[in-house]
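Subject: Structure for your review

Dear colleague,

I am handing over the structure we spoke about, and below it you will find my notes on what turned up when I went through it. Please read them alongside the coordinates.

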Amino acid sequence: MTVHSYLWSVAVKRSAVLAGIGVLSACTAVSPIDSRQDGHLTVMSRARWSLTSWNHVRNAGVKHAAAYCKAQDRQLHLVAVHTQGVWGVTDQTIEVVFDCY
C-alpha cells in the first residue's frame with residue numbers, strides 16, 4: 001500500500017466516524033436541567049426521528065444529567081425514568097429525574 005492510499009483510507013475512515021457521530025447527535029434533543037417541586041432535578045430528551053432507539057434517547061438524557069452533576073463535583077443518582085411515545089410510531093420523550101450527591 002502506498003503512502004497516498006494509506007492516508008486516503010485513514011481520511012475516509014475518520015470522515016465516516018465523524019459523520020456517524022453527527023447523525024447520532026442530530027437524533028435527539030435534550031432540554032436544559034430544571035428543578036421540580038419535590039426537590040429533584042429533571043431533564044427531558046426526545047427523539048427527532050421516530051426510528052431512533054429508546055436506549056439512545058434515554059442515554060442522551062442520562063449523559064446530560066451526569067455531565068451536570070460532574071460539573072458540580074457530585075455524582076449522579078437516578079430517581080426515575082419516565083417514557084412517552086412508541087418507537088417507530090410516535091415521537092419518544094424521556095424524562096430523567098435525578099439528584100446530584
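A residue is called buried here when its relative accessible area is under 20%, exposed when that area is over 50%, and partly exposed in between. By that criterion, buried residues account for 24% of the 101 residues in the protein chain. Please keep in mind throughout that this is a predicted model.

As for the overall layout, the protein chain holds 2 helices and 5 strands, and these elements follow one another from the N terminus in the order α-β-β-β-α-β-β. If one takes the contacts between residues at least 6 apart in sequence, 53% of them join residues at least 24 apart. The accessible surface of the chain amounts to about 7,000 Å², and carbon and sulfur atoms contribute 60% of it.

Turning to the interior, the largest nonpolar core consists of 11 residues, namely Leu41, Val43, Ala47, Val57, Val62, Ala65, Cys69, Ile94, Val96, Phe98 and Cys100. Strand S3 (41–47), helix H2 (54–71) and strand S5 (93–100) are the elements that each give two or more residues to this core. Val57, one of the core residues, is in contact with Thr28, Ser45, Arg46, Ala47, Thr52, Gln92 and Ile94, once its neighbours within four places in sequence are left aside.

Two further members of the core, Cys69 and Cys100, form a disulfide in which the sulfur atoms are 1.9 Å apart, and the count for the structure comes to 1 disulfide. Because Cys69 lies in helix H2 and Cys100 in strand S5, the pair ties together parts that are 31 residues apart in sequence. The angle about the S-S bond is -75 degrees, which makes the link of Cys69 and Cys100 left-handed, and both cysteines are buried.

The charged groups deserve a separate paragraph. Side chains of opposite charge can pair when their charged atoms come close. A search of the whole structure finds 2 salt bridges: Arg36 pairs with Asp38, with the closest N and O atoms 2.8 Å apart, and Glu95 pairs with Arg36, with the closest N and O atoms 3.5 Å apart. The latter pair links distant parts of the chain, since Glu95 is in strand S5 and Arg36 is in the loop between strand S2 (34–35) and S3, 59 residues apart. Arg36, Asp38 and Glu95 are thus linked in a network of salt bridges. Arg36 counts as partly exposed because its relative accessibility is 31%, and Asp38, with a relative accessible area of 44%, is partly exposed as well.

On the surface, Trp54, Leu78 and Val81 form a nonpolar patch, and together they have about 210 Å² of accessible area. Leu78 is found in strand S4 (residues 76–84), and it counts as partly exposed because its relative accessibility is 32%.

Finally, one backbone detail may be of interest to you: Asp73 has a positive phi of about 55 degrees, although it is not a glycine. Asp73 sits in the loop between H2 and S4, and with a relative accessibility of 74% it counts as exposed.

With best regards

Note on methods
Residues are numbered from 1 along each chain as its sequence is written. This is a predicted model: local features need pLDDT of at least 70, side-chain atom pairs count only at pLDDT 80 or more; totals for chains, interfaces and linings use all residues. Side-chain values use heavy atoms; hydrogens and water are left out. Helices (H or I, at least four residues) and strands (E, at least two) are DSSP runs, numbered from the N terminus. Buried means under 20% relative accessible area, exposed over 50%, partly exposed in between (1.4 Å probe, protein chains only). Contact means heavy atoms within 4.5 Å. Accessible areas come from the Shrake-Rupley method with a 1.4 Å probe; for residues, only the protein chains shown count as cover. Patches are made of residues with over 30% relative accessible area and no salt bridge: like charges are joined within 9 Å, nonpolar side chains (Val, Leu, Ile, Met, Phe, Trp, Tyr) within 5 Å. A salt bridge is a side-chain nitrogen of Lys or Arg within 4 Å of a carboxyl oxygen of Asp or Glu. A nonpolar core is a set of buried Ala, Val, Leu, Ile, Met, Phe, Trp, Tyr and Cys residues joined through side-chain atoms within 4.5 Å. A disulfide is a pair of cysteine sulfur atoms within 2.5 Å.
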